[in-house]
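Reader: I've got a model open and I'd like to practise reading it with you. Can we take it feature by feature?

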Amino acid sequence: MEVIIRPTKEAAIELAAKLMTKEVRDKPNAVLGLATGRTMEPLYDYLAKEHKENGLDFSLVRSFNLDEYVGLDPENVNSYRYYMNDQLFNRINIDKRNTYVPNGIATDLDAACVEYENKIKECGGIDIQLLGLGEVGHIGFNEPLSSLASRTRQKALTPDTIEQNSPLFTPPDVMPKRAITMGIGTILESRKSLMVVTGIKKAGILAKSVEGPITSMVSASALQLHPHCIVVVDEEAASELKERDYYNWIFQNEPEWEEFR
Ligand code: GLP
């Protein structure tokens, strides 16, 4: 795992977006793992701008989203399919038939989860998986106690997650209490993972995820097992990390980061 600390939220988002851009430039038919949430919005703005102004080409890209609420159809403004179309897909030249989001309204949700896993395999696996961090330590909707070997499946959301996300719904109590999410085992199979965390509210859970023990109580701590995980954070989110000097030294001295300094 590499932790990169940038001075501001904007700089952290820019670095993460540059890493995603590089992935698409280096491999035009890359399979991207995508995430939702407020953190990702400026990152998708950056990618849309790269497409518009610098011709970043998504025509051959395939994408898989981490999660979707159970019961929300794609036209529902709170569904993650709607979010992805609105924030990214409608603004770039990706073929929407190559964009996959779990189907929260499938008649057989369990079968839809198996199908999702098969589709990821059929596309050759995920090249880079973008991740946000929930305040309960979840990645995707892998709530505390999720098996570290879990696959795409339905999960009941915790009261903390409901509290965190329900303000986005009108009225807040219409927020679904269940979701489909890629499992932690699924996420760990991506060739690279990129977690982006900003803001003081995430400082405690970030420190537990990165420097704490690996535990199913903090799903993101499983990323310590990932063979190639990059964690990009701002100063605020990094404020409870103990080894900040070491992480900064790596960023300043390792040749792989030269083009991003
Ligand atoms: C939701 C998503 C997560 C995301 C999290 C963080 O719960 N299921 O994938 O990481 O929100 O969201 P935000 O970026 O808004 O803090």
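Author: Let's go from the whole chain to the sheet, and then to the helices. Keep in mind that this is a predicted model.

Reader: Fine. How many helices and strands does the protein chain have?

Author: Eight helices and 10 strands. The C-alpha trace spans about 55 × 40 × 35 Å along its principal axes.

Reader: What does the radius of gyration say about this chain?

Author: The idea is to set it against the value for a compact globule with this number of residues. For 261 residues that value would be near 18 Å, and the protein chain has 17 Å, so the two agree.

Reader: And what share of the residues counts as buried?

Author: Of the 261 residues, 56% do, with buried meaning under 20% relative accessible area. About 11600 Å² of the protein chain is exposed, and carbon and sulfur atoms supply 50% of that. Look at contacts along the sequence too: of those with a separation of 6 or more, 79% are between residues 24 or more positions apart.

Reader: On to the sheet. What should I look for in strand pairing?

Author: Strands of a sheet pair through backbone hydrogen bonds, either parallel or antiparallel. Here you have an open sheet of seven strands with parallel pairing, in the order β1-β10-β9-β6-β2-β3-β5. Its edge strands, β1 (2–6) and β5 (99–100), each pair on one side only.

Reader: How many bridges join β3 to β5?

Author: Two, and β3 (residues 62–65) runs parallel to β5. For a landmark, find Phe-64, which stands opposite Tyr-100 in β5. Helix α4 (residues 109–122) packs on the sheet there, touching β3 and β5, and its direction makes about 150 degrees with that of β3.

Reader: Which strands does helix α7 lie across?

Author: Helix α7 (residues 203–211) lies across β1, β9 (192–197) and β10 (229–234), running at about 155 degrees to β10. Its buried residues are Ala-203, Ile-205, Leu-206, Ala-207, Ser-209 and Val-210. Their cover includes β1, β9 and β10, along with α8 (244–253).

Reader: Last one: how do I check the length of a helix, say α1?

Author: Compare the expected span with the distance between the end C-alpha atoms. At 1.5 Å a residue, the 18 residues of α1 (residues 9–26) should span 26 Å; the end C-alpha atoms are 26 Å apart, so that agrees. Then colour α1 by burial: its buried residues include Ala-12, Ile-13, Leu-15, Leu-19 and Met-20, and also Thr-21 and Glu-23.

Technical notes. Residues are numbered from 1 along each chain as its sequence is written. This is a predicted model: local features need pLDDT of at least 70, side-chain atom pairs count only at pLDDT 80 or more; totals for chains, interfaces and linings use all residues. Side-chain values use heavy atoms; hydrogens and water are left out. Two strands pair if DSSP finds at least two bridges between them. Helices (H or I, at least four residues) and strands (E, at least two) are DSSP runs, numbered from the N terminus. Contact means heavy atoms within 4.5 Å. Axes are lines fitted to C-alpha atoms, for helices over the stretch in contact, and angles run from 0 to 180 degrees between N-to-C directions. The radius of gyration is taken over C-alpha atoms; the globule rule is 2.2 Å times the number of residues to the power 0.38. Buried means under 20% relative accessible area, exposed over 50%, partly exposed in between (1.4 Å probe, protein chains only). Accessible areas come from the Shrake-Rupley method with a 1.4 Å probe; for residues, only the protein chains shown count as cover. The expected span of a helix is 1.5 Å times one less than its number of residues.
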